[in-house]
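Okay, thanks for making time, everyone. I'd like to walk you through a few spots in one model, so let's get it up on the screen.

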Amino acid sequence: MSHQLVPSHPDAYSESDGKLPDSTLQGEKLLSDEEPRRLGAGEIGEETHRALEDIHLAGQEGLEERLSGGRGEEGERGMFLEGDRWRYQLREGATVWDYVKHPLLSLMYYLYKLSVAFSWKFVFILCTAYGINQGMGEEWSGFAAKFYMADHLHLSPARAAAARGLSLVPWQLKAIYGMISDVVPIMGYHKTGYMLIAGSCGVLAFFILFALDLSFVPGILVFIVAHFSMASPDVMIDAAVAEKAKSHPQFAPDLQSLCWGSLGLGGFFAAATVGYMQESIGSRGIFGVCILTGVAILVPAALGFLREKRRDPSTIKPICLSCKQGLSDPLGKWVFYVAIIVTFVSVFLGFFAVFNESEHSVIINGSVTVFCAICIIFPSLLYCLSRISLVLAKASSFIFLRGAIQPSTTVLFYWYRKTRSNCERGYPCLDPGFLGWMDVAGYAFLFVGTIIYQKYFASWSYRSIFIFAQVLLVFVNLMDLIWVTRLNVKIGISDKVFLLGEEVLGPIVRRLSEMPMLILAAKLCPSGVEATLFALNMGLSNFGVSIGDYLGQALLGILGGVNPPDFNNLAVFILLKSLTRLLPILLVYPLVPKGSPLDDAFDIARRFAGEDEGSEVRARGESAIPLTDLKLSSSDNIHMHEDHERDELVNRDDVGGVAVVGDDDELGGL
């Protein structure tokens with residue numbers, strides 16, 4: 001026998017054990033709708049019951065032998081224990097057919113293992129939330145929105161940049177979603193009720209975009225609702241994953257892999273199909289398909305797939321009391337203050353940039369944007385977060401300012417897309433099908449960037465990585481300058497071959513800087529506010545990108561609009577945009593600590609402060625906050641739960657202002 005499938009009965013598995021069961025019940029149906037429990041002899045038969053009890057008493061060694069197929073014939077395939085995690089791997093002597101089936105069988109076992117641990121319903125809603133709602137929903141709706149704004153709303157590149165910035169506001173408020181869901185349960189549920197609201201909003205918003213011919217203002221407002229339907233479930237699902245990872249830490253890497261895998265596969269599939277969908281059914285037709293992304297959240301949440309326990313109404317505190325208790329927290333209140341400031345400023349800037357149509361709107365919009373970023377958000381971050389940690393305050397400021405000072409727009413999309421005037425003028429004239437495959441290449445290069453970072457840059461210092469990545473980003477953007485000046489055509493290189501600028505190679509460079517940035521943000525979050533603070537940092541990163549959109553709009557206006565069909569001053573805009581990629585380098589030394597992703601929070605703070613007190617602190621039995629698993633994506637975050645209370649007293653250490661806690665206090669949820 002060349003392989004052996006070894007399914008196990010979930011009801012013979014105790015969730016508190018944290019271990020997978022034996023495989024004696026061949027072909028049994030997975031019954032994960034109920035909580036995993038041990039069955040009595042009367043329910044499954046005396047012989048089977050004795051066998052399961054023998055496994056339980058035999059301990060890990062006996063369990064390992066049974067799951068791995070025993071010491072049977074060579075070439076057998078089965079589950080084996082590697083450290084404290086179960087794996088499914090080919091044995092020696094496997095046939096070619098075994099290798100062909102191995103990826104599918106490994107995936108089946110991987111999903112089966114998580115279904116046994118957490119129920120198939122939870123695995124299902126996790127896959128639909130990340131794979132369909134986020135992965136497919138963001139790719140499909142984002143791609144169609146560019147054509148919709150250009151062809152249906154007839155927006156100029158500058159106007160489209162402002163509209164895009166406003167529509168992305170829901171992604172900047174993720175910390176607020178978590179705080180509200182903690183304080184205000186819906187029908188006794190802190191997450192499920194909000195999932196139902198988000199799913200309903202998604203179905204309604206995409207149906208309106210599909211069925212109605214909207215004007216500018218209603219269209220942008222509906223886009224805001226559509227993005228809320230994807231941003232809000234991200235918070236709730238991340239919180240649920242954090243709870244499961246905390247109660248079953250041995251499955252935390254598997255849950256994170258499932259999040260990443262679902263998001264990547266969903267986005268990859270959507271990117272491979274969206275171009276042909278645009279050609280065949282148009283942008284409004286794609287919005288009609290996107291209704292399914294709302295259904296993918298609405299139906300599982302309504303059926304209770306999140307498996308959230310309903311709170312007893314008698315235990316739910318009044319909203320005012322919960323808010324008062326939250327504001328009395330010495331650390332949490334400062335995070336709350338920053339989240340509120342970011343919320344008001346982001347909403348104000350979004351609407352102001354879109355609806356200000358005065359004679360000097362370009363200058364006014366740019367001035368207001370710079371004022372809000374430099375004079376409101378930046379000082380607020382330094383003042384409030386320095387009460388938690390000075391290093392954290394500066395790092396969060398860098399996360400925000402890095403995107404805010406780099407203007408960006410979709411003007412290149414207007415220039416290279418296939419229209420009659422573009423084709424007549426000798427522009428690239430790329431059809432939607434090819435643009436969709438550009439996104440597919442972007443996903444592939446994003447994966448390549450992750451591998452490159454892990455292999456070559458993980459040990460670099462934060463400062464070195466950020467500086468190197470920004471320099472590379474300048475050269476990548478300058479390749480677009482060669483493209484728009486048509487120099488590539490003059491030397492005999494077609495547009496499709498040359499298309500290796502920011503649209504494709506950019507993901508590699510951005511990944512080199514984003515991964516250490518997110519790791520740094522997580523490592524510096526003190527216990528008790530780690531989840532909400534990490535969500536806040538992700539919102540700040542998204543807000544910085546939107547500020548860049550508003551500045552891009554202002555820069556286009558200063559250059560005369562750079563509007564189709566002539567696109568006057570497009571080369572100048574590309575040059576200026578490329579050079580602004582150097583600006584974040586000026587912020588690296590003042591705001592980024594000296595440590596590397598391999599250092600813990602205390603070492604980072606000590607190096608940043610220029611003090612050497614590490615041995616003294618460690619001698620007192622204290623340690624910095626550890627880094628746990630992260631879902632690194634633009635929409636990544638989790639939130640803090642109302643019932644979480646710190647068992648250890650958080651102390652403000654003199655080293656760089658970083659908070660350190662006792663060894664028994666762990667960082668949960670990330």
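Before the residues, one term: buried means under 20% relative accessible area, exposed means over 50%, and partly exposed is in between, with a 1.4 Å probe and protein chains only. By that yardstick phenylalanine 351 is partly exposed, because its relative accessible area is 32%.

Now the caveats. This is a predicted model, where local features need pLDDT of at least 70 and side-chain atom pairs count only at pLDDT 80 or more, while totals for chains, interfaces and linings use all residues. Residues are numbered from 1 along each chain as its sequence is written, and side-chain values use heavy atoms, with hydrogens and water left out.

Back to phenylalanine 351, which sits in helix H11; helices here are DSSP runs of H or I, at least four residues, numbered from the N terminus. Together with Val217, Leu221, Val347 and Phe355, Phe351 makes up a nonpolar surface patch, with about 350 Å² of accessible area in total. Two helices each give two or more residues to that patch, H8 (216-247) and H11 (332-355), and H11 gives the most, with three. For the patch rule, residues need over 30% relative accessible area and no salt bridge, and nonpolar side chains (Val, Leu, Ile, Met, Phe, Trp, Tyr) are joined within 5 Å, like charges within 9 Å. A salt bridge is a Lys or Arg side-chain nitrogen within 4 Å of an Asp or Glu carboxyl oxygen. Areas are Shrake-Rupley, 1.4 Å probe, and for residues only the protein chains shown count as cover.

Next, going inside. Helix H5, residues 157-167, is mostly covered, with 10 of its 11 residues buried. Among them are Pro157, Arg159 and Ser167.

So what does tyrosine 110 touch, leaving out residues up to four places away in sequence? The answer is Asp254, Ser257 and Leu258, with contact meaning heavy atoms within 4.5 Å. Tyrosine 110 is in helix H3, residues 96-118, and counts as buried because its relative accessible area is 17%. Leucine 258 is 148 residues away in sequence, but the C-alpha to C-alpha distance is 9.3 Å. On top of that, the backbone nitrogen of leucine 258 lies 3.0 Å from a polar atom of the tyrosine 110 side chain.

Last stop, serine 578 in helix H22, residues 570-580. Serine 578 is buried, because its relative accessibility is 0%. With that same sequence cut, serine 578 touches Val474, Asn477 and Leu478.

Definitions and conventions:
Polar contact = N/O pair within 3.5 Å; in protein donor to acceptor, adjacent residues only side chain to side chain.
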